[in-house]
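Work through the exercises below with the model open beside you, and try each task before reading its solution.

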2 protein chains.
Amino acid sequence: LKLPLGYRYASTYAGIRKVEKDDLALIVSGSPASAAAVFTTNRVQAGPVRVGKANLAASRGRVSAVLINAGNANCANRTEDRVALESCRLVSEALGVPQAQVIPSSTGVIGVELDVNLIAAALPRLVERLSPDRFEDAAHAIMTTDLTQKVAFSDAFGIRVAGMTKGSGMIQPNMATTLCFVMTDAALSPTVLKGMLKQATARSFNRLSVDGETSTNDTALLLANGAFGKKPGERQAKALQSALNEVMESLAEQIARDGEGAQKLIVIDVLGAATDAAAERIARSIANSLLVKTAVHGSDANWGRILSAAGQSGAVFEPVKVDIDLQGVPVCRSGFGVDFDEPTLKAKLDLKECHIRFRIRGSGKAKTRFWSCDLTKGYIDINASYRT
Amino acid sequence: LKLPLGYRYASTYAGIRKVEKDDLALIVSGSPASAAAVFTTNRVQAGPVRVGKANLAASRGRVSAVLINAGNANCANRTEDRVALESCRLVSEALGVPQAQVIPSSTGVIGVELDVNLIAAALPRLVERLSPDRFEDAAHAIMTTDLTQKVAFSDAFGIRVAGMTKGSGMIQPNMATTLCFVMTDAALSPTVLKGMLKQATARSFNRLSVDGETSTNDTALLLANGAFGKKPGERQAKALQSALNEVMESLAEQIARDGEGAQKLIVIDVLGAATDAAAERIARSIANSLLVKTAVHGSDANWGRILSAAGQSGAVFEPVKVDIDLQGVPVCRSGFGVDFDEPTLKAKLDLKECHIRFRIRGSGKAKTRFWSCDLTKGYIDINASYRT
């Protein structure tokens, strides 16, 4: 078992989503865990995001429990803050932990009131079910339109890291993420944790887009309860950062792979950009281009769209210095098309993963990796009737 | 007939596009016209864009002829500038006008060489066909995936304005436009013309998105040949600006209505923003939101997505001051949902036009109108196999 020590998990169906599928999850740390979080940059923020921020501030970065529901974002309705606060109070009472050490988190439709009575009724059941091995149940309960459950594990010198996340639409976390909860049993202060989460987020969830939409509820929360024992030394801390990066990068990739309607994962590597910001802009623009996403869907080696998407990113680069490879096959050199065997490349593009390599020669050393997915009719099916 | 005096038009099939449908158009002014143009802001610019800019500079804003081809963007290939220059030389020779007074313009696939011999072979036929009444033939020849021809006419004190444009994918003109050619017989200097075009573009093509893609070939060209006679006075100039705005707004709306795969036009009005820039950012973000576009497609009154799209625009506003109307029906007041009759609104959303009104109360007076379209499976059909 790779699960961090000292955590318990549970899930149940509270009746928040229409279909009878678990929609309420609880994560509890045996002792108050150090915590760090990043939240959505959307100007419209859900009640649970506001309450979560306030609680983290009030508890000085200590968290004992996280209550997560799917099926309702608890956003843009008259009772959002009240319901989020009341949920925390209920959990606090049921577990005997300070209210400020409870983080509420919601995902689902925007603009509909969340009935706190459903949570109150489900909570005793939830608490009763708490168990160290129900990690995957919790991961399952936070899913919305996800087809697959998204979890990742790693470790460093015996310290364990386990993460869960959900997709799969309204995904372009910007300085934040969709819902993501990562637990470790390392002993670390909230301040150290914050730096670690920031680094891991920058290279994972902030390099991910399914549909260019930054949600009102994006939250990534990292807990470290110290159950492993002594504080990590310098070497251990470095290895732990790598483990955390690995977990969050895996989760980000899993979200892209299971993007709404997606049939293909798109991995974009940008190399040789003048600055980190330029690399990121180019990668994000390619990742969000509907024309690139549909071309990949159709296994069409339309590299001109990749070049055009980079060109509209706002990043400064010389088009005549650009080399593009698709699935390892050179399709553009120095900004111009090169001959390639169309049927061979088409067959490679039919695979479930599409790799785009965008390299600028002689410009700089900045590089980044970005995850996206193809755009299919499935996305339209899902989103033309999401609410009704 | 509403056509401006002193222009002739022609079109033919030169064999540039695969299907036998006119792909080469020529617009000729009897005397050198004053000209103003705006071009794409994409970092990757096609050969004809570069040559067009250079020619306008060399001729000090005088244009005698415009040669436009569809089926090939003449972009990101080894011969793009040479072919664009040679096309101008051929037209210059055939018409006996200075080469710098010829503007080349291309639309179609990126990254493929354009065979100038096809243009050389078609040019005599094209010149022979030149006629004052072949305006619509030319408008027809510049179409790519357009289903409908896009033309608009207006007049002011007898001065005529006629415009043509093409859609219908890779459309988010940014400080520029897709291909758009507007002719008037007013007598105006290139400098005055530039100001007029800038104003008209700002409120038309720069308020338009089909798929958030700024093309490598975007060009809007305004010609004024003075064939009407005397210079317009102040009142006439003002009326002419209105006529130009009207023509370009109509063309922009036509592009959105015929966006690739589109079944519905989306008209977005943002009111009460703090600044013009904020109004534009909010409108553009709503216009480009895949979740808004798919919800409109499915006639789903999912106003939470509209609020979220505005929230991720980067514009500063208070969510609790936002009112949203869909098809004139209030769905959100002060940032919260209000009751509405679901079947009635659904029936209204089934119409071919969807009107979104996003108003911020007590914040400012800035407003803007933006055009977009729904996202359908047709867009994916078209773009999954555009090149092959």
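The exercises that follow deal with the symmetry, the interface and one strand of this predicted model.

In this predicted model local features need pLDDT of at least 70 and side-chain atom pairs count only at pLDDT 80 or more, while totals for chains, interfaces and linings use all residues. Residues are numbered from 1 along each chain as its sequence is written, chains are lettered from A and ligands numbered from 1 in the order in which they are written, and side-chain values use heavy atoms, with hydrogens and water left out.

**Exercise 1.** Determine what turn and what shift lay chain B on chain A.

Solution. Superpose the copies by least squares on the C-alpha atoms of residues with pLDDT of at least 70 in both. A turn of 180° with a shift of 0.0 Å along the axis then lays chain B on chain A, with an RMSD of 0.0 Å. That is the relation of a two-fold axis. Within chain B, the C-alpha nearest this axis belongs to Lys377(B), at 2.6 Å from it.

**Exercise 2.** Describe the interface of chain B and chain A, beginning with how many residues each chain gives to the contact.

Solution. Taking contact as heavy atoms within 4.5 Å, we find 57 residues from chain B and 57 residues from chain A. Because 100% of the interface residues of chain B are also interface residues in chain A, the copies meet through the same surface. The two chains bury about 4,700 Å² between them, 57% of it on carbon and sulfur atoms; this buried area is the accessible area (1.4 Å probe) lost on putting the two parts together, summed over both.

Next, look for salt bridges, each a side-chain nitrogen of Lys or Arg within 4 Å of a carboxyl oxygen of Asp or Glu. The rule finds four across the interface, and one of these links the side chains of Glu318(A) and Arg43(B) at 3.2 Å, N to O. Turning to the elements, helix H9 (303-311) of chain B is among those that each supply at least two residues to the side touching chain A, and H9(B) gives the largest share, six residues. Helices here are DSSP runs (H or I, at least four residues) and strands likewise (E, at least two), numbered from the N terminus.

**Exercise 3.** Establish which strands pair with strand S9 (residues 265-273) of chain A.

Solution. Two strands pair if DSSP finds at least two bridges between them. S9(A) runs parallel to strand S13 (residues 353-360) of chain A, joined by seven bridges, and Val270(A) has Phe358(A) as its bridge partner there. With strand S14 (residues 366-373) of chain A the pairing is antiparallel, over seven bridges, and Ile266(A) is partnered by Ser372(A). Finally, eight of the nine residues of S9(A) are buried (under 20% relative accessible area, 1.4 Å probe, protein chains only; exposed is over 50%, partly exposed in between).
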